[in-house]
Amino acid sequence: QVQLVESWGGLVQAGASLRLSCVASGLTFSSYVMGWFRQAPGKEREFVAAIRWSGAPTFNADSVKGRFTTSRNNAKNMVYQQMNRLKPETTVVYYCAEGLLSLIYSSTHWRHEKYDYWGQGTQVTVSS
């Protein structure tokens, strides 16, 4: 049974940092592309970043470039999202996802329906 579990969301002030983690079980972790998405209430799920099994380079949404860093540890079946200089926003849920996607990044990686497995999400609230 495939399972993804995100952790370490929370409430922080604008400008602060958070490091989300996601642990995967039940599949060959290193074969998959990992993605991070986020979703605000009433909005579409939005692509944040993707990382292939080999790690860097990662593929990031323009909105987070220079502030967010994605990494993974295949030995621990973990993927991380370091988020710096967080901007004020209402509660957003961050999800990690896995999919058998191409190792060549493209707009396909932005599409949440291309990912096969999802975690339950972790909430992030950034106050002003």
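This passage describes the aromatic pairs of a predicted model and the charged side chains that sit over its rings.

Nine aromatic pairs are found in the structure. A good place to begin is the pair formed by Phe-37 and Tyr-115, whose ring centres are 5.1 Å apart and whose planes meet at 80°, so the arrangement is edge-to-face. Phe-37 belongs to strand S4 (residues 33–39), whereas Tyr-115 is in the loop between strand S9 (89–99) and strand S10 (117–118); the pair therefore ties together parts that are 78 residues apart in sequence. Both Phe-37 and Tyr-115 are buried.

Tyr-95 and Trp-118 provide another edge-to-face pair, with 6.2 Å from centre to centre and 80° between the planes. Because Tyr-95 lies in strand S9 and Trp-118 in strand S10, this contact ties together parts that are 23 residues apart in sequence. The two rings can also be described by their accessibility. Tyr-95 has a relative accessibility of 13% and so counts as buried, under the 20% cut-off. Trp-118, at 25%, counts as partly exposed.

The residues of both pairs come together in one aromatic cluster, formed by Phe-37, Phe-47, Phe-59, Tyr-95, Tyr-105, Trp-110, Tyr-115 and Trp-118. One of these cluster members, Trp-118, also has a charged neighbour: Arg-45 lies over the face of Trp-118, at 4.7 Å from the ring centre. A further example involves Tyr-80, where the charged end of Arg-19 sits over the ring, 4.0 Å from its centre.

Terms used:
Residues numbered from 1 in each chain as written. Predicted model: local features only at pLDDT ≥ 70, side-chain atom pairs only at ≥ 80, totals over all residues. Heavy atoms only, no water. Phe/Tyr/Trp six-rings, centres within 6.5 Å; stacked < 30°, edge-to-face > 60°. Helix = DSSP H or I, 4+ residues; strand = E, 2+ residues; numbered from the N terminus. Buried < 20%, exposed > 50% of the residue type's maximum accessible area, 1.4 Å probe, protein only. Lys NZ or Arg CZ within 6 Å of the ring centre and 35° of its normal.
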